[in-house]
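Biologist: Please show me the model. I would like to ask how some of the labels were reached.

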Amino acid sequence: MQQVKAKKALGQHFLTDLSIARRIADTLSGHTSLPVVEVGPGMGVLTQFLLADGLDLKVVELDGESVDYLNEAFPQLHGRIIADDFLKLDLRKAVGDGKFCIIGNYPYNISSQIFFKVLDYKDQVECCSGMLQREVAQRLAAKPGSKTRGILSVLLQAWYDVEYLFTVDENVFNPPPKVKSGVVKLTRNSVASLGCDERLFKTVVKTSFGQRRKTLRNSLKPLVAKGSAVLESRFMGLRPEQLSVNDFIELTNMVAQARAQAAGND
């Protein structure tokens, strides 16, 4: 069977170490009763273990050459291969309205976008695990005070328990990437509501990290009126990576209150 040629434009680096593929598949332990969506299966190095575990599996693959390979190599996948761009896919149409898990050896060039999409389906995605560039994986799990903490760290940790599991060296891929990889696991927490305006929460987080070298007093000025009491709150001398999820929720409520007061004074 002819091997699939890795395509740089698709960020493809095929994992060749079966023991690592087995470890990644094992990240779904505890969630094996749920349907699973694998993103970018390539030549099926991870897929084979997911099938062996008897999971209710669908795979999403954009590369036509990989789709042909998977159809030939894994007849049991017939009818379960979605030849589409995961980022454009309506997951409710693909999987249904119930809970499910996502797993993959994620293309480096779209890994952050994949996790933003997970957030769009946070009420359905119970578990999301897989491999991506190590620095991005570490950022997802970064705790308050870490210089690697960023927008996705806060937005994901509001809804998920995020664990950085292990590092993967470059030499177990074909072709080898120029960076190390990291495996993470996201498990949905019990939060049903943040207790603030969730859209404004996203805006506050994104605006705060938009100028991450500045203190919040400077970066958040566009969100509130000049002279607002928010700009004198206890957070204003801090930088965004120092704040916890609960701090950002409190800050969001402050901004919302300041905006409501300003609107009432007009």
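Modeller: What follows is a set of questions about labels in this predicted model.

Biologist: Why is asparagine 105 called buried?

Modeller: Its relative accessible area is 17%. Buried means under 20%, so asparagine 105 is buried.

Biologist: What makes the link between asparagine 105 and histidine 13 a polar contact?

Modeller: A polar atom of the asparagine 105 side chain lies 3.3 Å from the backbone oxygen of histidine 13. The limit is within 3.5 Å, so the pair fits the distance cut-off. Asparagine 105 also touches other residues, including Leu15, Val39 and Phe173.

Biologist: How do you know that arginine 22 and aspartate 26 form a salt bridge?

Modeller: The closest N and O atoms are 2.8 Å apart. The cut-off is within 4 Å, so the pair counts as a salt bridge.

Biologist: What ties arginine 22 to aspartate 53?

Modeller: Their side chains meet in a salt bridge of 2.6 Å, N to O. Arginine 22 is in helix 1 and aspartate 53 in the loop between helix 2 and strand 3, so the pair ties together parts that are 31 residues apart in sequence.

Biologist: Why is aspartate 53 called partly exposed?

Modeller: Its relative accessible area is 36%. Buried is under 20% and exposed is over 50%, so aspartate 53 falls in between and is partly exposed.

Biologist: Is lysine 122 buried or exposed?

Modeller: Lysine 122 has 16% relative accessibility. That is under 20%, so lysine 122 counts as buried.

Methods: Residues are numbered from 1 along each chain as its sequence is written. This is a predicted model: local features need pLDDT of at least 70, side-chain atom pairs count only at pLDDT 80 or more; totals for chains, interfaces and linings use all residues. Side-chain values use heavy atoms; hydrogens and water are left out. Buried means under 20% relative accessible area, exposed over 50%, partly exposed in between (1.4 Å probe, protein chains only). A polar contact is a pair of N or O atoms within 3.5 Å; within protein, one must be able to donate a hydrogen and the other to accept it, and residues adjacent in sequence count only if both atoms are side-chain atoms. Contact means heavy atoms within 4.5 Å. Helices (H or I, at least four residues) and strands (E, at least two) are DSSP runs, numbered from the N terminus. Lists of a residue's contacts leave out its neighbours within four places in sequence.
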